[in-house]
Amino acid sequence: MVSYPLPKKIGLLSGPLVCILLNVLPLTLVNPEAHLVISVAAWMIIWWITEAVAIPVTALLPLTIFPILGIMDLKSVAVHYSNPILYLFFGGFVIALALEKVQLHKRIALSILKLTGTHADGIVLGFMLATALMSMWISNTASTVVMLPIAVSVISLLMHDADGLNPREANFSLTIMLGIAFAANIGGMGTIVGTPPTVLALGFLESEYGISISFVQWMKMGIPFVALMLACCYFLLVKVFYPSGLGEIQSSAGTIDTELAKLGPMKRGEIIVLLIFFCTALTWILRSQLNIWFPDLKLTDTTIAMVAALSLFVVPIEWNSGTFPLDWQDTQRLPWGILILFGGGLALAAGLSKAGLVDFIGQLISSQQSWSVFIVGSVLITLMLFMTELIGNLALVTI
């Protein structure tokens, strides 16, 4: 039996106790309603930091506590758990499930590795590019899991040669593994559906400020940023911190060819998923122009994602046998908890806004005439960089 750690026990009890204590103390922060919201926010933050319960469970607190305390009625809170941006990410999750189920993501990754050649530094670059590209569409974890076995196969070629794993080969192995890990995180920033914190932030901007950022608008910023970060990361890994100087590794090509041979020729299921994926990405890119040509469509990024998700359940691979790219049972692997977390984060943000706390903080910062936008941004970035070492990225963005 796995023991329940003491920090989690403390967090489980201290969360509601702090909430009660803040309500009992004769303090008024901004206004009485804001005081109530802050007490619930403190409860949620304690549970998120200590992970006393599952993070999505904590995200359900606004749905239960806000109506009880009279902060917001149930209908007003519940609407945030069905925000359109959640369905955009749901569609992205479904597309990722289909890519993984038919192993199309592995075929794409191996094809990229084949193109980058057999030079040691080129192999590292290939692994990083393949991981980053996949991470734009599927989860960071899934893209890493796909690449690691292939990387181990390449590394094992070096370990089984006559001299074992010498220092140069050790550096090469380390750069592959670190490169995959870093590229998975970097690549996720390239698209809206690439990483959960992005979706949560965009949902907040849309619900609280009416600022809508389209798929293409995000990619115009995200892709150059990903390219720059990948280039810097690659250079630091292979040229500064762990240079290997191995040159050509001819046997690596054989490993990649072997893995591709195991996949065999593209199957009908792969072709259908690839077509749906390609059409979805193309429609996201051309959405604005399509709305100009066909104004009655009123396409949104979420609509496109949901059409793609639906297509993967209804477009048959085999008509007679009734085989489809995805069955509903496949959604058991879909991270539903993240969608609930989005809703909880947006509900908490709405509560803070309704109570006037968001405006109060904005006025407090804007009253500091000596603080430039650069200083405010730098302080926030520094704080986030430090806090992300202690708290999960998604929980931190939600807070």
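The following paragraphs describe one helix, the cysteines and a proline of this structure. The model is a predicted one.

The account begins with helix α4, which spans residues 61-69. Four of its residues, L61, P62, I65 and F66, are buried. When the helix is viewed down its axis, the buried residues of α4 fall within an arc of 100°, and they therefore line one face of the helix. These buried residues pack against four other helices: α2 (32-50), α3 (55-58), α5 (74-78) and α16 (336-354). After α4 comes G70, a residue with a positive phi near 80°.

The cysteines may be considered next. The structure contains zero disulfides. For C233, the closest cysteine sulfur is that of C232, and the two sulfur atoms are 8.7 Å apart. A disulfide requires a pair of cysteine sulfur atoms within 2.5 Å, so the sulfur of C233 is too far from that of C232 for a bond. As to exposure, C233 has a relative accessible area of 11% and is buried, whereas C279, at 44% relative accessibility, counts as partly exposed.

The last residue to be examined is P84, which lies in helix α6 (residues 84-101). The relative accessibility of P84 is 45%, so this proline counts as partly exposed; the term covers values between the limit for buried residues, under 20%, and that for exposed residues, over 50%. P84 and T302 are separated by 218 residues in sequence, yet their C-alpha atoms are 6.4 Å apart in space.

Notes: Residues numbered from 1 in each chain as written. Predicted model: local features only at pLDDT ≥ 70, side-chain atom pairs only at ≥ 80, totals over all residues. Heavy atoms only, no water. Buried < 20%, exposed > 50% of the residue type's maximum accessible area, 1.4 Å probe, protein only. Helix = DSSP H or I, 4+ residues; strand = E, 2+ residues; numbered from the N terminus. Arc of directions from axis to C-beta. Contact = heavy atoms within 4.5 Å.
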